[in-house]
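Biologist: Let's go through this model together. I'll ask, you reason.

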Amino acid sequence: MNKPQFYDEAPNLSGDFVPLVPGGYICEIKKAVEQKAQKTGNPMLVLLLDIAEGDKKGYFQERFEKDTRQEKKWGCVLRIVMDDPKKSEGERKQMAGRLKGAITSIESSNPGFKYNWSEETLKGKLVGAEFGLEEYLAQDGSTKTVNKVRRLRSVDSIRKGIDIPNVKLLNGTYISYDDYMEKIEEQKSTEKDGEYITIDDTDDLPF
């Protein structure tokens, strides 16, 4: 038996590993920093999240601890671009609006908290997170999906319950989660092994 080429670099996905189901979760902000985008140099607010309540509490921390790769990667990172001077005024307002929406969700989820523009104060705060599947093209040419945070919401809205977000396809369009899962099951029954779309919520963002 020969060891596969990428065995050492692969994450440890044992039988205990259960992919996270898309939907709403109450999360804790484990780390918050301001960074610059590598390609554009634009400022970003980077939030590292973990699930704070329910049977999935500590989901990403557990995955991180079980990851045997030399370069460990945190599985839930949200990057919010704050501004881009090269964009139009309208586009820059939209960016500011997305940031404002995220901050408002954090403030409303933590009574008495008011953001003072020091990102360190966000650590330990609760916030609701809406997770949805997005397709991506893997290095081997196959289509896979990753479960990512679509947007932040208030904790109260998550506790009241939300619908599972639509799945974002490679072409930028969306399809309902139920229709997408039905599509996968149909492909599994008609196509050869390894050719159908697979679910993979392993993120490639650094801790």
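Biologist: Which elements each supply at least two residues of the lining of the second largest pocket?

Modeller: Keep in mind that this is a predicted model. The pocket in question has a volume of about 540 Å³. Its lining takes at least two residues from each of three elements: β3 (77-81), α2 (89-109) and β5 (143-153).

Biologist: Which element gives the most to the lining of the second largest pocket?

Modeller: The lining has 20 residues, and Val-149 and Arg-150 are among the closest to the pocket centre. β5 spans 143-153. With six residues, the top contributor is β5.

Biologist: How do the residues of that lining divide into nonpolar, polar and charged?

Modeller: Leu-78, Arg-79 and Ile-80 are also among the residues closest to the centre. Arg counts as charged, while Leu and Ile count as nonpolar. Over the lining of the second largest pocket, the split is 10 nonpolar, three polar and seven charged.

Biologist: Now the interior. Which element provides the largest share of the largest nonpolar core?

Modeller: In soluble globular proteins, nonpolar side chains tend to be buried together. Here the largest core has 34 residues, and Leu-47, Leu-49, Leu-122, Phe-131 and Leu-152 touch the most other members. Elements that give two or more residues include β1 (23-36), β2 (43-51) and α1 (59-66). The largest share, seven residues, comes from β2.

Biologist: Which residues is Leu-152 in contact with, leaving aside neighbours within four places in sequence?

Modeller: Leu-152 is one of the core residues that touch the most other members. Contact here means heavy atoms within 4.5 Å. Its partners are Leu-47, Leu-49, Leu-78, Ala-102, Ser-105, Ile-106, Val-127, Gly-128 and Ala-129.

Biologist: How many residues are in the second, separate core?

Modeller: This core includes Leu-133, Tyr-177, Tyr-180 and Ile-184. Its total is six residues.

Biologist: How many disulfides does a search of the whole structure find?

Modeller: A disulfide needs two cysteine sulfur atoms within 2.5 Å. For Cys-27, the nearest cysteine sulfur is that of Cys-76, 5.7 Å away, so Cys-27 is in no disulfide. Cys-76 is in no disulfide either. The search finds zero.

Biologist: Are Cys-27 and Cys-76 buried or exposed?

Modeller: The cut-off for buried is under 20% relative accessible area. Cys-27 has 0%, and Cys-76 has 3%. Therefore both cysteines count as buried.

Biologist: Last one. What pattern does the protein chain follow along the sequence?

Modeller: The chain has four helices and eight strands. Read along the sequence, they give β-β-α-β-α-β-β-α-β-β-α-β.

Key: Residues numbered from 1 in each chain as written. Predicted model: local features only at pLDDT ≥ 70, side-chain atom pairs only at ≥ 80, totals over all residues. Heavy atoms only, no water. Buried < 20%, exposed > 50% of the residue type's maximum accessible area, 1.4 Å probe, protein only. 1 Å grid on protein atoms, 1.4 Å probe; cavity = no way out; pocket = protein on both sides within 12 Å on 5 of 7 lines; lining within 4 Å. Points joined across faces, edges and corners; volume = space filled by probe spheres on them. Core = buried A, V, L, I, M, F, W, Y, C linked by side-chain atoms within 4.5 Å.
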